[in-house]
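Good morning, and thank you for joining this session. I would ask everyone to look at the sequence and the structure together while I speak.

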Amino acid sequence: MQVQTLQGGFADPAIEAANAFRALMEAMARPGRVYEVTGATAPAPMSQAMAVTLLTLCDTDTPIYLAGALETPEVQAWIAFHTGAPTVGPSHAMFAFGQWDALQPLSQFPRGTAKYPDRSATLVVEIPALEQTGATLTGPGIETSTSLSLPETDAFRVNAALFPCGVDFIFTCGHRLAALPRTTEVT
């Protein structure tokens with residue numbers, strides 16, 4: 001376990017973290033568009049895109065929640081070594097990582113308040129396929145409409161209705177990711 005904990009981070013942290021950050025910001029600015037990221041490898045079952053997201057956005061001041069199969073000693077040790085991010089319960093998490101079913105119900109995560117809508121969680125969700133087919137997305141950052149393979153649609157409609165509060169999503173699959181901010185309409 002010790003060797004696996006020390007491996008899997010960015011080989012060239014400044015360059016790889018900057019590239020990953022740009023991809024994540026582009027994904028948030030252009031909901032539904034799929035981006036490829038590389039550079040980090042966490043212990044199974046965490047995907048490469050999820051590991052890259054975690055290394056890029058989390059540090060010692062970022063409380064995270066690991067759901068379901070990700071809550072292993074190997075994954076926790078890898079995160080502790082590479083980011084120092086503290087693990088917390090869902091109601092205190094800034095970022096939550098897991099598969100869709102393990103992250104339910106969405107109401108357990110911070111959604112922000114009318115005064116501080118930015119105090120909400122971002123859910124990083126591993127899904128089995130990430131394609132630009134399926135649910136129709138409209139809203140800011142989308143010229144007319146686009147599509148994205150989502151696990152369901154009702155939860156996103158409920159989340160969008162909470163605007164300016166609500167949670168944001170980053171979907172991962174292997175080395176690919178796409179984002180779904182709370183402003184996106186899903187049908």
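**The cavity, the sheets and the helix**

A search of the whole structure finds one cavity of 30 Å³ or more. Please bear in mind throughout that this is a predicted model.

How large is the volume of the largest cavity? The computed value is about 30 Å³. Its lining is made up of Phe156, Asn159, Ala160, Phe169, Leu180, Pro181, Arg182 and Thr184. Sorted by class, the lining has five nonpolar, two polar and one charged residues. Helix α5, residues 154-161, supplies the largest share of that lining, with three residues. As a general point, rolling a probe the size of a water molecule over the atoms shows where empty space is left.

Two of the lining residues, Phe169 and Leu180, lead us directly to the strands. Phe169 belongs to strand β7, and its bridge partner in β8 is Leu180.

Let us therefore turn to the sheet that contains these strands. Six strands form an open sheet, arranged in the order β1-β8-β7-β4-β3-β2, and the pairing is mixed. At its edges are β1, residues 35-36, and β2, residues 64-66, each of which pairs on one side only. In general, strands of a sheet pair through backbone hydrogen bonds, either parallel or antiparallel.

Both senses of pairing can be seen at β7. Strand β4, residues 122-126, pairs with β7 in the parallel sense over five bridges. Within that pairing, Leu123 has Phe169 as its bridge partner in β7, and Glu126 has Thr172. On the other hand, β7 and strand β8, residues 176-180, pair in the antiparallel sense, also over five bridges. Phe169 is thus named in two pairings, with Leu123 as one partner and with Leu180 as another.

Is β7 mostly covered or mostly open? Strand β7 runs from residue 168 to 173 and is mostly covered, with six of its six residues buried. Asp168, Ile170 and Thr172 point one way from the strand, Phe169, Phe171 and Cys173 point the other way, and all are buried.

Between β7 and β8 lies a hairpin with two residues between the strands. There, Gly174 takes a positive phi near 65°.

I now move to a second sheet. Three strands, in the order β6-β5-β9, form an open sheet with antiparallel pairing. The edge strands are β6, residues 146-148, and β9, residues 185-186, and each pairs on one side only. Strand β5, residues 135-138, pairs with β6 over three bridges in the antiparallel sense, and Thr136 has Ser147 as its bridge partner in β6. With β9, strand β5 pairs over two bridges, again in the antiparallel sense; here Thr138 stands opposite Glu185.

Which side chains of β5 are buried? Along this strand the side chains alternate: Ala135 and Leu137 point to one face and are buried, while Thr136 and Thr138 point to the other and are not.

Next, consider helix α2. The helix has 17 residues, from 13 to 29, and at 1.5 Å a residue it should span 24 Å; its end C-alpha atoms are 24 Å apart, so the expectation and the model agree.

The buried residues of α2 are Ala20, Ala23, Leu24 and Ala27. Because they cover an arc of only 95° around the axis, they lie on the same side of α2. The face turned away from that buried side carries the exposed residues Ala14 and Arg22.

Finally, I draw attention to the peptide bonds at two prolines. A cis peptide bond joins Ala44 and Pro45, with omega about 10°. Pro45 is placed in the loop between β1 and α3, the latter being residues 48-57. The bond from Phe163 to Pro164 is likewise cis, with omega near 15°, and Pro164 is in the loop between α5 and β7.

That loop brings us back to where we began: α5 gives the cavity the largest share of its lining, and Phe169 is among the residues that line it. Thank you for your attention.

Notes. Residues are numbered from 1 along each chain as its sequence is written. This is a predicted model: local features need pLDDT of at least 70, side-chain atom pairs count only at pLDDT 80 or more; totals for chains, interfaces and linings use all residues. Side-chain values use heavy atoms; hydrogens and water are left out. Buried means under 20% relative accessible area, exposed over 50%, partly exposed in between (1.4 Å probe, protein chains only). Helices (H or I, at least four residues) and strands (E, at least two) are DSSP runs, numbered from the N terminus. Two strands pair if DSSP finds at least two bridges between them. On a 1 Å grid over the protein atoms alone, a cavity is a set of points where a 1.4 Å probe fits but cannot get out, and a pocket is an open set with protein on both sides within 12 Å along at least five of seven lines; lining residues have an atom within 4 Å of a point. Grid points are joined across faces, edges and corners, and a volume is the space filled by probe spheres set on the points. Ala, Val, Leu, Ile, Met, Phe, Trp, Tyr, Cys and Pro count as nonpolar, Asp, Glu, Lys and Arg as charged, and the others, Gly among them, as polar. The expected span of a helix is 1.5 Å times one less than its number of residues. The arc is that of the directions from the helix axis to the C-beta atoms.
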